[in-house]
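Student: I should be grateful for a close look at a single part of this model. Please begin with one residue and its surroundings, and then place the description in a wider setting.

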Amino acid sequence: MKVALVKAPFKFKVEDWDIREPDDNEALIKVKACGVCGTDLHSARTEAREWQSFGHEISGIVEKVGKNTTNVQVGQKVVVESGSFCGECSNCRNARVDLCNDAPNVIKNVELGYNMGFAEYVTVSKRNLVPFDGLDFATATLIEPMGVGLDLTYVTDIELNDNVLVVGLGPIGLMALRFAKLMGARKIFAADLSTSNIRLQMAKEFGADEIIEVDKTSLEDYEFDCPLNKIMVTAPPKTIESAIKIAALGATIGYIGIKYGEGAKIQFDANYFHFQKLQLRASFAAPAIYFPRCLELTQVGKINPKMLITHEFGIEEIGEYIKYIDEHRERAIKAIMINE
Ligand SMILES: [Zn+2]
Ligand SMILES: [Zn+2]
């Protein structure tokens, strides 16, 4: 089978690998589609010091099952959770499966020398498999980042009648924005660079009432016509400093993001934070959760993630597409590898 490999900076190759047979608790999946995530771009830019396999937004068909793998059947369509929970540890038993990271994790495949999603097949634990119907495979790959967006929405505690600001309109920010709309936000502001025109347009289609082009008017200079009760940040950490300054009394700020080096450090006035009764919360949806809910919301059309797909490509073209979307944020939102 073909497996795509990445090495920083922006080197790609496709190799021929043996298919790994599933053990008793695994299944072999014929990969039909795999989405390019921001973390894949990060691997390509700096993180992948050695050649490594990548891709964790996977949909496909069950090709073969181990003898204890009874939750899915051969021929069934599945989405793959990038990570799951074990169901046995104290966190799991205390109803905090979101804090468990002891369970099978597709991303660990790299450490084990196994391949991930940018390949023709992938062998994964039965625990990572969620069957689905009624969606095409490309759309189904969006369920993984959608769970991340939904987690951000829950962590930020969006409620009926909230005025919401979403900063950073990548796939996760856009899907979180859509969920805020579905949860009954009164007014939604969406902020990103003016050069991200396709993303600003999509924010309007997903329910944003007002667009802020942050390179033209900073968040701190923008004249908001209502108090901001909830702010969701999927932008560099510095944005949190601005969010704290513009948030309403008693507001909640949700943040998701990774930044290394000096850019990871922020400063704010703790007295102001105290007297304003603000809350700052981190969302990190690992293990992956909410797949069934995201599938249902997509199947009934409450959210249409297919609108985010701007590019589709075959495994052999992976390098040129990843370079393209890294350089053309104004034209690309989500790129998906499709295996014919
Ligand atoms: Zn991802
Ligand atoms: Zn556990």
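Tutor: In this predicted model, A48 counts as buried because 21 C-beta neighbours lie inside 10 Å, where the threshold for burial is 20 or more. The position of A48 is in the loop that runs between α1 (38-47) and β4 (52-53). Beyond its neighbours within four places in sequence, A48 is in contact with V6, K7, A8 and S43. N101 follows 53 residues apart along the chain, and the C-alpha atoms of A48 and N101 are separated by 22 Å.

For the wider setting, consider the largest nonpolar core, which has 97 residues; I29, V166, L177 and A190 touch the most other members. Helix α6 (residues 171-182) supplies the largest share of this core, seven residues. Domain 1 (2-141 + 304-338) and domain 2 (147-282) both contribute residues, so the core lies between them.

V166 merits separate attention. Leaving aside neighbours within four places in sequence, V166 is in contact with G173, A176, L177, I188, A190, A191 and M232.

Strand β9 spans residues 163-167 and pairs in the parallel sense with strand β12 (residues 230-233) over four bridges. Within this pairing, L165 has I231 of β12 as its bridge partner. Both strands belong to an open sheet of six strands with parallel pairing, in the order β11-β10-β9-β12-β13-β14. At its edges are β11 (210-213) and β14 (279-282), each of which pairs on one side only. On average, neighbouring strands of this sheet are turned by 15° against each other, direction ignored.

Technical notes. Residues are numbered from 1 along each chain as its sequence is written. Chains are lettered from A and ligands numbered from 1 in the order in which they are written. This is a predicted model: local features need pLDDT of at least 70, side-chain atom pairs count only at pLDDT 80 or more; totals for chains, interfaces and linings use all residues. A nonpolar core is a set of buried Ala, Val, Leu, Ile, Met, Phe, Trp, Tyr and Cys residues joined through C-beta atoms within 7 Å. A residue is buried if 20 or more other C-beta atoms lie within 10 Å of its own, exposed if 12 or fewer, and partly exposed in between; C-beta atoms are placed from the backbone. Helices (H or I, at least four residues) and strands (E, at least two) are DSSP runs, numbered from the N terminus. Domain bounds come from an automatic or database domain assignment. Two residues are in contact if their C-beta atoms, placed from the backbone, lie within 7 Å. Two strands pair if DSSP finds at least two bridges between them. Axes are lines fitted to C-alpha atoms, for helices over the stretch in contact, and angles run from 0 to 180 degrees between N-to-C directions.
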